[in-house]
Amino acid sequence: LRRLTPLGPDGVATASWEAPVALVGPEGARRLGLPGEPEAVDLDDSPEGAWVAVLEDGTGAVFGTDGGAPWPLGRWSDALAVGAGEDHVFVATPHALHRVPRGGGEAVVWPLGPEVALPQDVEVAADGTVALAGLDGVVRLYDPAGTLLAVLRGHEERVVALAFAGDALWTGSWDGTARRWDLTTLRDAPDAVAAATARAWAAPLTP
């Protein structure tokens with residue numbers, strides 16, 4: 001399998017290197033039913049698991065499905081990854097994130113600066129926080145309005161998998177490691193974070 005992601009309480013959506021997208025549940029497996037039965041380069045479920053965004057391999061077409069008939073969300077010839085939120089899907093291209101309503105419509109574009117390496121994966125948390133993984137192993141976090149919240153460094157190779165779980169973000173990399181990032185400090189005041197860090201290091205922080 002290339003990708004696997006939950007759909008509802010009892011099912012998963014799968015993307016294979018050799019077969020079209022399939023929905024697998026207690027009753028067995030069935031194809032998604034996209035025209036031409038294409039394969040998918042990426043899949044992602046919404047935080048509550050109610051629907052899945054699908055990026056077709058080779059076409060840049062993005063679809064949504066909740067287990068029934070898929071609906072089109074748009075087409076980006078240079079699309080690299082998709083991330084499904086509760087009400088939106090994010091499509092990552094080399095130089096931007098495109099925020100599209102779940103039902104389709106006009107995209108809001110978040111430009112990515114030259115410091116952002118080629119996107120590898122995008123994930124959306126229940127609170128709307130967006131994580132973007134890069135080819136250089138760096139992960140960036142954005143708030144629902146597109147403001148940069150944090151830059152997470154530590155992986156030595158590209159990060160290819162992201163998953164939010166509670167107040168943490170899990171990242172998987174080609175460097176052979178998975179990391180858990182505690183995100184609780186993102187909600188704390190900067191002074192409180194500095195004080196807690198100084199206590200943990202037993203040394204004062206200097207500018």
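**A polar contact, two sheets and two salt bridges**

The side chains of Thr171 and His155 are joined by a polar contact of 2.7 Å; such a contact is a pair of N or O atoms within 3.5 Å, where, within protein, one atom must be able to donate a hydrogen and the other to accept it, and residues adjacent in sequence count only if both atoms are side-chain atoms. The model is predicted, with local features requiring pLDDT of at least 70 and side-chain atom pairs counting only at pLDDT 80 or more, while totals for chains, interfaces and linings use all residues. Residues are numbered from 1 along each chain as its sequence is written, and side-chain values use heavy atoms, with hydrogens and water left out.

Thr171 is a good place to start. This residue belongs to strand E18 (residues 168-173); strands (E, at least two residues) and helices (H or I, at least four) are DSSP runs numbered from the N terminus. With a relative accessible area of 2%, Thr171 is buried, a label for values under 20%, whereas exposed means over 50% and partly exposed lies in between (1.4 Å probe, protein chains only). Leaving aside residues up to four places away in sequence, Thr171 touches Val139, His155, Val159, Ala161, Leu162, Thr177, Ala178, Arg179 and Trp181, where contact means heavy atoms within 4.5 Å. Leu55 is 116 residues from Thr171 along the chain, and their C-alpha atoms are separated by 21 Å.

Attention now turns to the sheets. Strands of a sheet pair through backbone hydrogen bonds, either parallel or antiparallel. Here two strands pair if DSSP finds at least two bridges between them. One open sheet holds four strands in the order E5-E6-E7-E8, with antiparallel pairing. Its edge strands, E5 and E8, each pair on one side only, and the twist averages 20° from one strand to the next (axes are lines fitted to C-alpha atoms, for helices over the stretch in contact, and angles run from 0 to 180 degrees between N-to-C directions). Within this sheet, E6 and E7 pair over four bridges, and Ala53 has Gly64 in E7 as its bridge partner. Four bridges also link E7 (residues 61-65) to E8 (residues 71-75), with Ala61 partnered by Arg75 in E8. E7 and E8 form a hairpin with five residues between them, and in the turn Gly67 has a positive phi of about 110°.

Another open sheet of four strands follows the order E9-E10-E11-E12, again with antiparallel pairing. At its edges stand E9 (81-84) and E12 (108-111), each with a single partner strand, so one side of each has no neighbour in the sheet. The twist in this sheet averages 20° from one strand to the next. E10 (residues 88-93) and E11 (residues 96-101) run antiparallel and are joined by six bridges, with Ala92 opposite Leu97 in E11.

Finally, the search of the whole structure finds two salt bridges, each defined as a side-chain nitrogen of Lys or Arg within 4 Å of a carboxyl oxygen of Asp or Glu. One joins the side chains of Asp57 and Arg2 at 3.2 Å, N to O. This pair links distant parts of the chain, 55 residues apart: Asp57 is in the loop between E6 (52-56) and E7, and Arg2 is in the segment before E1 (3-7). Asp57 is partly exposed at 34% relative accessibility, whereas Arg2 is buried at 18%. The other salt bridge joins Arg3 and Asp42 (3.1 Å, N to O). Because Arg3 lies in E1 and Asp42 in E5 (residues 40-45), the pair ties together parts that are 39 residues apart in sequence. Arg3 is partly exposed, with a relative accessible area of 22%, and Asp42 is buried at 1%.
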